[in-house]
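Trainee: I would like to learn how to read a structure of this kind, one feature at a time. Could you give me the general idea for each feature before you turn to the case in front of us?

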Amino acid sequence: MNPSHLKVVVFGSFHAGKSTFIQAVDPTSRHVQAEGGEGSTTVAIDFGRGEVLGRQIHLFGTPGQERFDFVREFTENGMDAAILMIDCSCPVDDFTLKLYSHLTGTGVPVGIMLNKCDLDNAHNSITREKFPIGRIYELSSLDSGSAREAFMEFLKSVIKKDGS
Ligand SMILES: Nc1nc2c(ncn2[C@@H]2O[C@H](COP(=O)(O)OP(=O)(O)O)[C@@H](O)[C@H]2O)c(=O)[nH]1
Ligand SMILES: [Mg+2]
């Protein structure tokens, strides 16, 4: 694990609430444009910071993840933990299941964030059953308190497991 900071990448389908989550965790987070590594292709990246148990956390999310495998490849390079953001107000889509299968195979801790729990049609219990591996958190990223709490709890589990 990186001694100076932990790299955490937020994955999830378009509209799941990745950017809102990063903004809630770090109100000073930035949305920046970056070269995508494929000629002139440009992708946007959300970048935020946090501190948990004295460790600096770098939090990345990118809209390009939904479309481009190459973006996923460079954002997940060297990551210490992954967050899978899921909109639990609608049925789980195939892309989310594909990400889940991929992420659980990487060996890094995966935090499953059931987002949009504030909505009346949120079906958290049904969604939970689809994700047997990884810690599950319920939150609403519109409520920065619940987003920060889920973030802190997940990162504490990652840091403690690492023993550092
Ligand atoms: N009701 C509700 N809406 C949310 C929540 N989180 C995000 N949204 C909304 O969902 C939409 C997509 O969010 P965004 O962060 O852009 O998703 P991204 O594509 O994954 O980055 C926006 O309109 C957000 O305001 C939530 O917890 N509850
Ligand atoms: Mg976004």
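Mentor: Let us begin with pockets: on a 1 Å grid over the protein atoms alone, a pocket is an open set of points where a 1.4 Å probe fits, with protein on both sides within 12 Å along at least five of seven lines. A molecule sits in a pocket if more than half of its atoms lie within 2 Å of its grid points. In this structure, the largest pocket is the space taken by ligand 1. This is a predicted model, in which local features need pLDDT of at least 70 and side-chain atom pairs count only at pLDDT 80 or more, while totals for chains, interfaces and linings use all residues. Residues are numbered from 1 along each chain as its sequence is written, chains are lettered from A and ligands numbered from 1 in the order in which they are written, and side-chain values use heavy atoms, with hydrogens and water left out.

Trainee: How many residues surround ligand 1, and which are the closest?

Mentor: A residue is counted as near a molecule if one of its heavy atoms lies within 4 Å of it. Ligand 1 has 15 such residues around it, and the closest are His15, Lys18, Thr20, Asp118 and Ser141. By class, the shell holds 4 nonpolar, 8 polar and 3 charged residues, where Ala, Val, Leu, Ile, Met, Phe, Trp, Tyr, Cys and Pro count as nonpolar, Asp, Glu, Lys and Arg as charged, and the others, Gly among them, as polar. Helix α1 (residues 18-25) gives the largest share of this shell, 3 residues; helices (H or I, at least four residues) and strands (E, at least two) are DSSP runs, numbered from the N terminus.

Trainee: Which polar backbone atoms come up beside an oxygen atom of ligand 1?

Mentor: A polar contact is a pair of N or O atoms within 3.5 Å; within protein, one must be able to donate a hydrogen and the other to accept it, and residues adjacent in sequence count only if both atoms are side-chain atoms. Here an oxygen atom of ligand 1 lies 2.8 Å from a polar backbone atom of His15, one is 2.9 Å from such an atom of Gly17, and one is 2.8 Å from such an atom of Lys18. Of the 580 Å² of accessible area that ligand 1 has on its own, the protein covers 76%, by the Shrake-Rupley method with a 1.4 Å probe.

Trainee: Turning to helix α1, is Ile22 buried or exposed?

Mentor: Buried means under 20% relative accessible area, exposed over 50%, and partly exposed in between (1.4 Å probe, protein chains only). Ile22 is in helix α1 and counts as buried because its relative accessibility is 0%. Ser19 also has its place in helix α1, but Ser19 counts as partly exposed because its relative accessibility is 38%. The side chain of Ser19 makes a polar contact of 2.7 Å with the side chain of Asp46.

Trainee: What is the phi of Lys116, and where is this residue placed?

Mentor: Most residues other than glycine have a negative phi. Lys116 has a positive phi, near 65°, and lies in the loop between β6 (110-115) and α4 (124-129). Lys116 counts as buried because its relative accessibility is 18%, and its side chain is joined to that of Asp87 by a polar contact of 3.2 Å. Leu53, in the loop between β3 (42-52) and β4 (55-61), has a positive phi of about 50°.

Trainee: How far apart in space are Glu138 and Met113?

Mentor: Separation along the chain and separation in space are read side by side. The C-alpha atoms of Glu138 and Met113 are separated by 6.0 Å, with their positions 25 residues apart along the chain. Met113 belongs to strand β6, and Glu138 to strand β7 (residues 135-138). Met113 counts as buried because its relative accessibility is 0%, whereas Glu138, at 39%, counts as partly exposed.

Definitions and conventions
1 Å grid on protein atoms, 1.4 Å probe; cavity = no way out; pocket = protein on both sides within 12 Å on 5 of 7 lines; lining within 4 Å.
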